[in-house]
Amino acid sequence: MRPTPRRCRRLAGPAATALIAFLVFAFVTQLTAMHGENAGTPFLFMVPLAVIAWNRRAETAELLGRRR
C-alpha cells in the first residue's frame, strides 16, 4: 500500500521528534569520540526538525491518544 500525503503529514511530527533524539546522541558522539570536531552540525539539522515537530504537535498528541 502506497503512503498517502495525509498519512505522511500525520507522521511528520513523531518522525521529527525521533530524529531530534537521534541527533542529540550524534552530538554526544561528536563530543566524546571526535573531541568536539564538527559538534555543531547536529544542531543545524535540529532547528528545522524542531520547527516541524512544534507545528505538528497537535497531530502527534492525537496520534498518541492525547487530545488537547
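**Exercise 1. How many aromatic pairs does the structure hold?** Find the pair and work out which parts of the chain are joined by it.

*Solution.* We are working with a predicted model here.

- Step 1: the structure holds 1 aromatic pair.
- Step 2: its partners are Phe27 and Phe43, with ring centres 4.6 Å apart and 65 degrees between the planes. Planes over 60 degrees apart count as edge-to-face, and this pair is edge-to-face.
- Step 3: Phe27 belongs to helix H1 and Phe43 to helix H2, so the pair ties together parts that are 16 residues apart in sequence.
- Step 4: now look at exposure. Phe27 has a relative accessible area of 22% and is partly exposed; Phe43, at 40%, counts as partly exposed too.

**Exercise 2. Describe the overall architecture.** Start with the elements, then turn to burial and contacts.

*Solution.*

- Step 1: count the elements. The protein has 3 helices and 0 strands, which run α-α-α from the N terminus.
- Step 2: consider burial. The protein has 68 residues, and 16% of them count as buried.
- Step 3: consider the surface. The accessible surface is about 5,600 Å², with 65% of it belonging to carbon and sulfur atoms.
- Step 4: consider the contacts with a separation of 6 or more. Residues 24 or more positions apart account for 54% of these.

**Exercise 3. Locate the largest nonpolar core and say which helices build it.**

*Solution.*

- Step 1: list the members. This core has 5 residues: Ala16, Leu23, Met46, Leu49 and Ala53.
- Step 2: assign them to elements. Helix H1 (5–33) and helix H2 (41–55) each give two or more residues, and H2 provides the largest share, with 3 residues.
- Step 3: check against burial in H2. The buried residues of this helix are Pro42, Met46, Leu49 and Ala53.
- Step 4: zoom in on Leu49. Beyond its neighbours within four places in sequence, Leu49 is in contact with Ala16, Leu19, Ile20 and Leu23.
- Step 5: follow one of these partners. Leu19 lies in helix H1 and is partly exposed at 42% relative accessibility. The C-alpha atoms of Leu19 and Phe45 are 9.2 Å apart, although 26 residues separate the two in sequence.

**Exercise 4. Where does H2 bend?** Identify the residue at the kink.

*Solution.*

- Step 1: the kink in H2 is at Val47 and amounts to about 30 degrees.
- Step 2: look just along the chain, and you will find that the kink comes shortly before the proline Pro48.

**Exercise 5. Is Gln30 buried or exposed?** Decide, then list what Gln30 touches.

*Solution.*

- Step 1: Gln30 sits in helix H1.
- Step 2: its relative accessibility is 17%. The cut-off for buried is under 20%, so Gln30 counts as buried.
- Step 3: not counting residues up to four places away in sequence, Gln30 touches His35, Gly36, Glu37, Asn38, Ala39 and Pro42.

**Exercise 6. Compare two residues of helix H3, then find a charge over a ring.**

*Solution.*

- Step 1: Glu59 has its place in H3, which covers residues 57–63, and Thr60 is found in H3 as well.
- Step 2: Glu59 is partly exposed at 27%, whereas Thr60 counts as buried at 15%.
- Step 3: look for partners distant in sequence. The C-alpha atoms of Glu59 and Ala12 are 8.8 Å apart, with their positions 47 residues apart along the chain. Thr60 is in contact with Gly13 and Pro14, leaving aside its neighbours within four places in sequence.
- Step 4: finish with Arg57. Its charged end sits over the ring of Trp54, 4.1 Å from the ring centre.

Note on methods
Residues numbered from 1 in each chain as written. Predicted model: local features only at pLDDT ≥ 70, side-chain atom pairs only at ≥ 80, totals over all residues. Heavy atoms only, no water. Helix = DSSP H or I, 4+ residues; strand = E, 2+ residues; numbered from the N terminus. Buried < 20%, exposed > 50% of the residue type's maximum accessible area, 1.4 Å probe, protein only. Contact = heavy atoms within 4.5 Å. Areas by Shrake-Rupley, 256 points an atom, 1.4 Å probe, with all protein chains shown as cover. Core = buried A, V, L, I, M, F, W, Y, C linked by side-chain atoms within 4.5 Å. Bend = angle between axes of the 7 residues up to and from the residue. Phe/Tyr/Trp six-rings, centres within 6.5 Å; stacked < 30°, edge-to-face > 60°. Lys NZ or Arg CZ within 6 Å of the ring centre and 35° of its normal.
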